[in-house]
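Here are some notes for a colleague who is meeting this structure for the first time. Please read them with the model open beside the text.

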Amino acid sequence: MRTRLAAGIAVLVVLSQTVPASAAGPLKSVTNRYVGSAVAVQHLNAEADYKSVLTREFDSVTPENEMKWGVVEAVRGQYDWSGADAIVAYAKKTGKSVRGHTLVWHSQLPDWVGGLEAAELRAVVKDHIRTEAGRYRGKIRAWDVVNEAFNEDGTRRQTVFQEKLGDRYIADAFRWAHAADPKAKLYINDYNIEGLNPKSDATFELVKSLKRQGVPIHGVGIQGHLSLMYGFPSGMKENIARFAALGLDVAITEADVRIPLPVTPEKLDAQASYFGQVWDACHAVRRCVEFTTWGFTDRHSWVPDVFPGEGAACLFDENLRPKPAYARLNP
Ligand code: G3I
């Protein structure tokens with residue numbers, strides 16, 4: 001009896017590992033948008049099941065940390081491209097496009113950058129952009145050139161770049177990135193700009209003004225880090241549409257939906273509804289060209305470290321089984 005039960009369980013385990021996530025085909029096959037995920041090189045190298053689901057479901061990847069300044073040049077002049085190179089090579093081998101993340105960001109910045117005076121900082125930022133965007137020239141579909149430049153009230157975030165270089169650092173960064181990789185689509189990227197609010201208004205005014213000045217900016221990245229605790233942002237479709245009306249592409253760049261733990265079936269359904277609303281808002285506007293999630297499995301997520309008591313924010317659970325949110329996008 002026990003042996004038969006064990007055999008049955010073994011069959012079920014094998015089936016759950018081999019049955020595709022959806023009879024309709026992978027997520028990348030049900031839309032004409034790029035469907036991406038953030039990827040961490042250490043998991044890609046160490047976990048065959050992680051690699052297999054990523055490869056099967058998505059057609060774009062964003063290095064989660066591997067292209068950040070603090071990783072590629074922690075010590076001035078000493079570069080470590082190993083993680084970024086590995087992800088770019090994986091993407092080439094599996095026919096995926098790459099979203100580069102990110103060239104100018106106040107976080108994960110090497111210590112040595114913070115202490116520089118203005119003229120040197122400007123030269124160093126220019127050199128960083130030229131070196132990194134130049135290294136991957138022709139291999140990156142879209143770059144998050146400037147990340148998280150605004151406060152919630154729409155004022156400029158007081159970063160080392162803002163304080164020492166002034167407002168113009170953003171236009172400069174786009175010009176330098178364009179010179180380094182003329183074919184890459186260049187984006188400004190931020191969180192809490194999903195709906196209509198002071199921060200998305202400020203982003204809108206900035207990109208409108210950059211376009212008017214002829215700065216090479218091609219898109220707005222809406223990160224899409226949502227939480228069931230804060231409700232769904234209002235006016236997402238209208239917000240995407242107003243950026244598109246400026247002649248810009250829009251990308252959902254880091255979608256995830258945090259659940260206050262413990263997980264319940266009701267909360268998973270609510271999460272599915274949130275993911276579905278983001279997906280639908282993107283598909284309602286022709287120029288929303290990409291739907292990328294910030295990781296795809298609850299096995300690995302930045303959320304519990306940063307928001308204790310919340311988690312389970314991804315489309316697949318820890319065992320890489322598709323959750324209701326996945327089924328909502330790919331019924
Ligand atoms: O690599 C070191 C490791 O050597 C060390 O042992 C370990 C100890 O804590 O830390 C490791 O570095 C961590 C790194 O992730 C890699 O795991 C950093 O401490 C940690 O701060 C870093 O967090 C990343 C975070 O950005 C940094 O702000 C998250 O993985 C990453 O998911 C997150 O991504 C950001 C986007 O870039 C921008 N938008 C928001 C998003 C979520 O915060």
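1. The largest cavity in this predicted model has a volume of about 40 Å³, and the count of cavities of 30 Å³ or more comes to one. Its lining is made up of Lys68, Trp69, Thr102, Leu103, Val104, Trp105, Ser107, Gln108 and Leu109. Strand 3, which spans residues 97–104, gives the most to that lining, with three residues.

2. Asn147 has contacts with several residues of the cavity lining, and it deserves a look of its own: among the residues it touches, leaving aside those up to four places away in sequence, are Thr102, Val104 and Trp105, each of which also lines the largest cavity. The other residues that Asn147 touches under that condition are His101, His106, Asn189 and Gln223. Asn147 lies in strand 4 (residues 142–147), and its relative accessible area is 3%, which is under the 20% limit, so Asn147 counts as buried.

3. Which side chains does the side chain of Asn147 join through polar contacts? One such contact, of 2.9 Å, links the side chains of Asn147 and Asn189, while another, of 3.2 Å, links the side chain of Asn147 with that of Gln223.

4. Gln223 leads on to the largest pocket, since Gln223 is one of the five lining residues that lie nearest the centre of that pocket, together with Tyr191, His225, Arg258 and Trp302. The largest pocket has a volume of about 600 Å³, and 27 residues line it. Strand 7 and strand 8 are the elements that give two or more residues to this lining, and the largest share, three residues, comes from strand 7.

5. Strand 8, at residues 249–260, has 11 of its 12 residues buried, so this strand is largely enclosed by the rest of the structure. Its partners include strand 6 (residues 219–222), which pairs with strand 8 in the parallel sense over four bridges, with Gly219 standing opposite Asp249. Strand 7 (residues 225–227) also runs parallel to strand 8, joined by three bridges, and here His225 has Asp256 as its bridge partner; His225 is also among the residues nearest the centre of the largest pocket.

6. Strand 8 is joined by four bridges to strand 9 (residues 288–293), again in the parallel sense, and Ile252 stands opposite Phe291 in that pairing. Between strand 8 and strand 9 the chain passes through helix 12 (residues 265–283), and the resulting β-α-β crossover is right-handed.

7. How does strand 10 run relative to strand 8, parallel or antiparallel? Strand 10 (residues 310–311) is antiparallel to strand 8, and two bridges join them, with Pro260 standing opposite Glu310.

8. Gly309 is found in the loop between helix 13 (303–306) and strand 10. Although Gly309 and Pro260 are 49 residues apart along the chain, their C-alpha atoms are separated by 6.0 Å. When residues up to four places away in sequence are not counted, Gly309 touches Ile259, Pro260 and Leu261. The relative accessibility of Gly309 is 47%, a value that falls between the 20% and 50% limits, and therefore this glycine counts as partly exposed.

Methods
Residues numbered from 1 in each chain as written. Predicted model: local features only at pLDDT ≥ 70, side-chain atom pairs only at ≥ 80, totals over all residues. Heavy atoms only, no water. Buried < 20%, exposed > 50% of the residue type's maximum accessible area, 1.4 Å probe, protein only. Pairing = 2+ DSSP bridges. Right-handed = clockwise from strand over helix to strand, strands pointing away. Polar contact = N/O pair within 3.5 Å; in protein donor to acceptor, adjacent residues only side chain to side chain. Contact = heavy atoms within 4.5 Å. 1 Å grid on protein atoms, 1.4 Å probe; cavity = no way out; pocket = protein on both sides within 12 Å on 5 of 7 lines; lining within 4 Å. Points joined across faces, edges and corners; volume = space filled by probe spheres on them.
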